[in-house]
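Work through the exercises below with the sequence and the model side by side. Try each task before reading its solution.

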Amino acid sequence: MGNGLSDHRPLLSCLPSFQALHIVILGLDCAGKTTVLYRLRFNEFVNTVPTKGFNTEKIKVSLGGSSRRTASFHFWDVGGQEKLRPLWRSYTRCADGIVFVVDSVDAERIEEAKTELHKITRLAENQGVPVLVVANKQDLRNSLSLAEMESMLALGELSAATPWHLQPACAIIGEGLQEGLEKLHVMIMKRRKMLRQQKRKR
Ligand code: G3D
Ligand code: MG
């Protein structure tokens, strides 16, 4: 666990990390990013404080199925306050995947979430990087439905090159997180295969 207060680019993220996939967790402040990270890390709810820099954890995630396969993910949970968002780009530069957490009850700020999601996926270096959109806080009574989230976040308007999956979740109890990560893993592996094939053809 850590709450790095550095504004510098996480240089370590660009070094070989024993096959761990580099995953950046983004989203507006209070969406539940740190709760997601610590739920995955400790398999229990951890009370959070607003993230001023970033938190990072390497976590083995079970991919389900009968084969008991696991995958190593190196997560970077980056502060979501407006003044910290210009830093997102330095974390996504080497990303294999992005987890974009959205508060499903914060209808007032969903337009802002949409703008940030589209902005980060449009960057040249993020073209084709798979995105797991986590519709978090689905335990709350007035949460938006998945169909509403899909339309309000304009997921259909993301670049055709950007694979995405919208996953309902409750980070407090961990519901939906493993399922979402399995989907993200599949999208990342598909992309890697495609990139390898393209390289061979050249
Ligand atoms: P952030 O890292 O995106 O800024 P946090 O968000 O993980 O710090 O979470 C912000 C608040 O949302 C926290 O509450 C946290 O407990 C709550 N939260 C996170 N996920 C869920 C969820 O799935 N359901 C519900 N009901 N709440 C959630 P506090 O009260 O500490 O601000
Ligand atoms: Mg946080």
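**Exercise 1.** Which helix gives the most to the shell around ligand 1?

*Solution.* Start with the ground rules. This is a predicted model, in which local features need pLDDT of at least 70 and side-chain atom pairs count only at pLDDT 80 or more, while totals for chains, interfaces and linings use all residues. Residues are numbered from 1 along each chain as its sequence is written, chains are lettered from A and ligands numbered from 1 in the order in which they are written, and side-chain values use heavy atoms, with hydrogens and water left out.

Now the shell. A residue is near the ligand if one of its heavy atoms lies within 4 Å of it. The helix is H1, residues 33–42, with three residues in the shell. Helices (H or I, at least four residues) and strands (E, at least two) are DSSP runs, numbered from the N terminus.

**Exercise 2.** Find the polar contacts of ligand 1, that is, pairs of N or O atoms within 3.5 Å.

*Solution.* Step one: list the nearest residues. There are 18 around ligand 1, and Cys30, Lys33, Thr35, Thr48 and Asp139 come nearest. Step two: take the oxygen atoms of the ligand. One is 2.9 Å from a polar backbone atom of glycine 32. A polar side-chain atom of lysine 33 lies 2.7 Å from an oxygen atom of ligand 1. Step three: turn to nitrogen. A nitrogen atom of ligand 1 has a polar side-chain atom of aspartate 139 at 2.8 Å. Step four: check the cover. On its own, ligand 1 has 660 Å² of accessible area, and the protein covers 76% of this (Shrake-Rupley method, 1.4 Å probe).

**Exercise 3.** Is cysteine 30 buried or exposed?

*Solution.* First, place cysteine 30: it lies in the loop between strand E1 (21–26) and H1. Next, apply the scale: buried means under 20% relative accessible area, exposed over 50%, partly exposed in between (1.4 Å probe, protein chains only). Cysteine 30 is exposed because its relative accessibility is 60%. Last, look at its backbone: phi is positive, about 75°, although cysteine 30 is not a glycine.

**Exercise 4.** Where does lysine 137 lie, and what is its phi?

*Solution.* Lysine 137 lies in the loop between strand E5 (131–136) and H4. Its phi is near 65°, a positive value in a residue other than glycine. At a relative accessible area of 22%, lysine 137 is partly exposed.

Notes:
A polar contact is a pair of N or O atoms within 3.5 Å; within protein, one must be able to donate a hydrogen and the other to accept it, and residues adjacent in sequence count only if both atoms are side-chain atoms.
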